[in-house]
Amino acid sequence: MIPAEARLIAATEKLLSSLAGSSLEDVHIPGFLDQVDGIGHFVPLAQQVYLVFGDRLLLLDSAERGGFLTLRIVASIDVPEALQGEEENFSVGAVGSLFMDNSGANLRLVKVRFALDSDHDPGLESICAAEFCFSGGNTLFVDPLWHLGIRLGGAGAFDEWWLRAGGESGSMEEFSWVPSAG
């Protein structure tokens, strides 16, 4: 492992550790409302996805690194650059219930699997894809290579992606983070 790759893994694990013990409340996708025949339609701009952990949001962003995913903690959802100066009505789609069974469950973050591509510039501080595992067997897969931005999936999606992407037979390596018991 090259030093820059080790720093990326350490930075990713530090960021994830800041969420240890937190519970997922929802998954938000920024977009806008488009009026078609008098009916408002939500149009997602899926280059960014926000995982809502109370007053902290984990921003998953594919726009900055084209095909890779950057992660950072933010305090609020910003109007996407594509909508700044436009007349569309900024909106956010709440899609967590499409992937999570939150019927009274506490969706604590219990594990994250992520993939790194050793062929890309590790200075980019970005990952290839990630799977967020929550208590109760809830899983959210995040793939930044989808043609519309970030593709979300549920249980099993990371494994399917890993096989299609060539897994460890290619230039990628899989890593796992779990909260420290303490």
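**Questions on D34 and its surroundings**

Trainee: What is the relative accessible area of D34?

Mentor: In this predicted model, D34 is partly exposed. Partly exposed residues fall between the buried ones, under 20%, and the exposed ones, over 50%. D34 falls in that middle range because its relative accessible area is 33%.

Trainee: Which strand holds D34?

Mentor: The protein has three helices and 11 strands. From the N terminus, the order of elements begins α-β-β. The strand that covers residues 26–36 includes D34, and it is β1.

Trainee: Which residues form a negative surface patch with D34?

Mentor: A patch takes residues with over 30% relative accessible area. D34, at 33%, is partly exposed. The residues that join D34 in the negative patch are E86, E87 and E88.

Trainee: Which residues does D34 contact, leaving aside neighbours within four places in sequence?

Mentor: D34 sits in strand β1, which spans residues 26–36. A contact needs heavy atoms within 4.5 Å. With the sequence neighbours set aside, the contacts of D34 are I39, G40, H41 and V43.

Trainee: How far apart in space are D34 and F90, C-alpha to C-alpha?

Mentor: D34 belongs to strand β1, and F90 belongs to strand β6, residues 89–94. In sequence, 56 residues separate D34 and F90. In space, their C-alpha atoms are apart by 9.7 Å.

Trainee: Which residues form a nonpolar surface patch with F90?

Mentor: F90 has 30% relative accessibility, so it counts as partly exposed. The nonpolar patch that includes F90 has about 190 Å² of accessible area in total. Its other members are V79 and V92.

Trainee: Is E131 buried or exposed?

Mentor: E131 lies in strand β8, residues 129–134. The cut-off for a buried residue is under 20% relative accessible area. E131 has 6%, so E131 is buried.

Trainee: Which residues does E131 touch, not counting those up to four places away in sequence?

Mentor: E131 is buried, at 6% relative accessible area. A contact again means heavy atoms within 4.5 Å. The residues that E131 touches are K111, V112, R113, T139, L140, F141 and F158.

Trainee: How far apart in space are E131 and A155, C-alpha to C-alpha?

Mentor: E131 is part of strand β8. Along the sequence, E131 and A155 are 24 residues apart. From C-alpha to C-alpha, the distance is 8.7 Å.

Trainee: What share of the residues in the protein is buried?

Mentor: E131 is one buried residue, whereas D34 is partly exposed. The protein has 182 residues. The buried share is 46%.

How values were computed: Residues numbered from 1 in each chain as written. Predicted model: local features only at pLDDT ≥ 70, side-chain atom pairs only at ≥ 80, totals over all residues. Heavy atoms only, no water. Patch = residues over 30% accessible without salt bridge, like charges linked within 9 Å, V, L, I, M, F, W, Y side chains within 5 Å. Areas by Shrake-Rupley, 256 points an atom, 1.4 Å probe, with all protein chains shown as cover. Salt bridge = Lys/Arg side-chain N within 4 Å of Asp/Glu carboxyl O. Lys, Arg positive; Asp, Glu negative; His and termini not counted. Charge placed at Lys NZ, Arg CZ, Asp CG, Glu CD. Helix = DSSP H or I, 4+ residues; strand = E, 2+ residues; numbered from the N terminus. Buried < 20%, exposed > 50% of the residue type's maximum accessible area, 1.4 Å probe, protein only.
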